[in-house]
Amino acid sequence: MIDKQIMKLPGIKRIQIMLAGFAALQALFIIGQAWTLSAVITSLWDGKNLSNQISKLVLFTLAYCARHLINYFRDRILDKYSYEQARDLREQLLQKVFRLGPQIVQTTGTGNTTTMALDGISQVENYINLIFTKTFNMSVIPIIILIAVYFLDIESGIVLTLVFPLIIIFMIILGYAAQSKADKQYKTFQILSNHFIDSLRGIDTLKYFGLTKKYENSIFSSSERFRKATMNTLRIAILSTFALDFFTTISIAIVAVLLGLRLIDHGITLFPALTVLILSPEYFLPIRDFSSDYHATLDGKNAFEAIKNVLSTPEVAHPAITIPEWDNTSKLEVQNLSFNYDDQPTLSKLNFSATGFQKIGIIGMSGSGKSTLINLLNGFLEPLSGSIKVNDVALPSFNQKDWQQQLIYIPQNPYIFQLSLRENIAFYNPNSSDKEILKAIETVGLNELLAELPEGLDTQLGEAARSISGGQAQRVALARAFLNPKRHILLFDEPTAHLDIETEIELKERMLPIMDNHLVFFATHRLHWMKNMDYILVLDHGKLVEHGTYDTLAHSNGAFTRLVNGLKGGTSNVE
């Protein structure tokens with residue numbers, strides 16, 4: 001039930017010692033409660049005055065308060081610890097995802113990765129909070145109470161000793177069944193998350209092709225599978241809780257009946273019998289508490305394992321290589337660059353070069369390898385083979401800190417953080433002045449948006465705040481690039497693919513000046529951008545089938561011409 005990896009969390013030994021001590025103290029206070037309460041009742045039964053029992057009642061009250069104070073301080077300490085560990089785990093997960101790049105997201109799924117970073121971390125926090133409390137209470141408290149019961153009445157101690165292992169065995173059997181169901185539920189949840197997010201992101205395309213109804217049914221089917229998996233898991237969880245309550249109630253009843261019979265036969269006095277009877281429910285309480293939260297701990301355990309699997313994903317470690325800052329004399333040479341996805345060739349033996357501040361267009365149909373090439377250039381992916389040189393310095397891949405610190409990557413859907421407009425634009429340059437931010441806003445054409453915002457630069461953007469259009473989001477991304485004058489390499493991955501042509505043309509006028517004095521790689525399937533490129537790489541099924549300037553390619557009647565004709569619907573004019 002306890003994941004071995006959780007035992008490696010920092011400070012966990014201190015927490016375990018603390019919980020063991022708290023559980024032992026709590027058991028002693030439980031015994032103190034039962035002892036004083038039995039003493040009061042026995043004294044009253046013997047005809048003594050209530051006024052003579054004040055000291056015992058005070059001791060009972062102190063034991064009761066101390067028991068619950070322990071719960072309070074234990075929960076506060078564990079809440080803080082679990083929150084800190086969940087926060088650190090989220091940070092590690094996000095840093096790992098950023099280092100691995102799109103490859104890990106494609107492997108685990110966008111929806112699953114998002115759910116893992118949000119709901120999954122919360123489940124892990126709950127798991128850390130619950131599992132140690134429940135486990136230590138179940139391990140320590142019953143043993144100390146059982147010792148007290150043996151001291152009071154050996155026969156009752158034997159009954160409790162025999163029953164407890166039977167309940168544990170039964171719980172283990174049901175636990176394996178619940179674990180199997182929970183695993184299936186979590187896998188179904190991952191599929192549902194990925195399916196929903198992918199459908200949501202592609203809703204415009206689905207509407208365009210009239211496929212929304214089909215995908216509506218598909219999402220419904222996935223959600224129904226998840227619902228059934230959840231109900232199957234809950235059925236096992238509820239069954240185990242019922243069975244445990246039934247067996248513990250029967251066990252307490254057996255102890256009560258045996259004590260009653262022996263009281264009638266004068267085989268035991270009232271005080272030990274009453275104390276044992278009060279302690280018997282407390283003896284079974286920790287395992288009942290554990291059972292009631294068993295499903296929650298299973299969810300947390302699955303989420304923890306999934307996060308640890310991502311964190312344990314191997315990274316290719318390259319020795320750090322000093323790469324000078326890119327300028328108008330720098331040179332990049334790439335030879336025989338290849339990459340495979342799942343052993344399937346995606347890019348094959350690409351050869352190209354770039355010098356100084358060039359604008360290089362990467363064009364091809366969907367699936368031609370444009371995004372893969374961009375992800376290789378920004379170091380998110382490791383090439384299968386090939387030679388890479390920057391200013392005659394050989395690199396094993398583009399996953400080099402000195403190279404990546406010179407990049408600005410603008411994807412198709414730039415992320416807008418739940419921050420103010422000022423903080424979104426200055427996200428990578430938090431020390432930028434308002435004057436610099438306003439200049440960036442003017443440069444990328446965000447003046448109208450700024451004028452509409454009720455609090456100006458301080459207006460909150462993102463989810464649950466002020467939403468902005470896709471074109472405005474791209475302008476925010478461009479403004480971020482404008483505030484990075486020291487980064488001279490721009491990578492664009494289909495930055496206008498989801499925009500209408502009017503918005504794209506307007507945005508283009510703002511983008512082209514920002515590209516000056518930069519090395520630009522611009523991946524797109526929109527032809528009008530190619531006239532503004534200094535050099536063009538034409539990709540087809542992962543191969544570089546043609547390259548050259550626009551004028552050269554337009555008059556060569558080669559792959560570029562065929563691509564233009566295909567995109568234009570068969571016309572032979574590429575001008």
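Analyst: A residue is called buried when its relative accessible area is under 20%, exposed when over 50%, and partly exposed in between, using a 1.4 Å probe and protein chains only. The model is predicted, with local features needing pLDDT of at least 70, side-chain atom pairs counted only at pLDDT 80 or more, and totals for chains, interfaces and linings using all residues. Residues are numbered from 1 along each chain as its sequence is written, and side-chain values use heavy atoms, with hydrogens and water left out.

User: Thanks! What makes strand β8 count as mostly covered?

Analyst: Strands here are DSSP runs of E with at least two residues, helices are runs of H or I with at least four, and both are numbered from the N terminus. In β8 (residues 519-524), 6 of 6 residues are buried. The burial extends to both faces: Leu519, Phe521 and Ala523 lie on one side, and Val520, Phe522 and Thr524 on the other. In a regular strand the side chains alternate between the two faces of the sheet.

User: How do you know which strands β8 pairs with?

Analyst: Two strands pair if DSSP finds at least two bridges between them. Strand β3 (residues 359-363) is joined to β8 by 5 bridges, and β7 is joined to β8 by 5 bridges as well, so both pairs meet the requirement of at least two. Both pairings are parallel. Ile362 stands opposite Ala523, while Phe492 has Phe522 as its bridge partner.

User: Why is the connection from β7 to β8 called right-handed?

Analyst: The term applies if, with the strands pointing away from the viewer, the path from the first strand over the helix to the second runs clockwise. Here the path leaves β7, passes through helix α16 (residues 501-515) and arrives at β8, and this β-α-β crossover is right-handed.

User: What makes β6 and β10 edge strands?

Analyst: The open sheet has 6 strands in the order β6-β7-β8-β3-β9-β10, with mixed pairing. β6 (407-410) and β10 (543-548) each have a single partner strand, so one side of each is left without a neighbour in the sheet. From one strand to the next, the twist averages 15°, an angle between N-to-C directions on a scale from 0 to 180 degrees, with axes fitted as lines to C-alpha atoms (for helices, over the stretch in contact). On the β10 side, β9 (residues 535-540) is joined antiparallel by 5 bridges, and Val538 is matched with Glu546.

User: How do you know where helix α15 lies relative to this sheet?

Analyst: Helix α15 (residues 470-482) lies across β6 and β7 (489-493) and runs at about 180° to β6, which is the upper end of the 0 to 180 degree scale.

User: Why is Asn484 called buried?

Analyst: Asn484 has a relative accessible area of 7%, which is under the 20% limit, so the residue is buried. Asn484 sits in the loop between α15 and β7. Contact means heavy atoms within 4.5 Å; leaving aside neighbours within four places in sequence, Asn484 is in contact with Ile408, Tyr428 and Asn429.

User: And what makes Ala117 buried or exposed?

Analyst: At 13%, Ala117 is also under 20%, so the label is buried. Ala117 belongs to helix α4 (residues 110-152). Beyond neighbours within four places in sequence, its contacts are Arg90, Leu93 and Leu94. The C-alpha atoms of Ala117 and Arg90 are separated by 6.2 Å, although the residues are 27 apart along the chain.

User: How do you know how the length of helix α1 compares with the expected span?

Analyst: The expected span is 1.5 Å times one less than the number of residues. Helix α1 (residues 12-45) has 34 residues and reaches 49 Å from first C-alpha to last, close to the 50 Å expected. Gly47 follows α1, with a positive phi near 95°.

User: What makes residues 54-73 a "transmembrane region"?

Analyst: That name comes from an unreviewed UniProt entry, which also lists 135-152, 158-178 and 236-261; feature names are shortened, positions follow the numbering used here, and annotations may be inferred rather than shown by experiment. In the model, residues 54-73 are 100% helix and 0% strand, with end C-alpha atoms 28 Å apart. Residues 135-152 are likewise 100% helix and 0% strand, with ends 26 Å apart.
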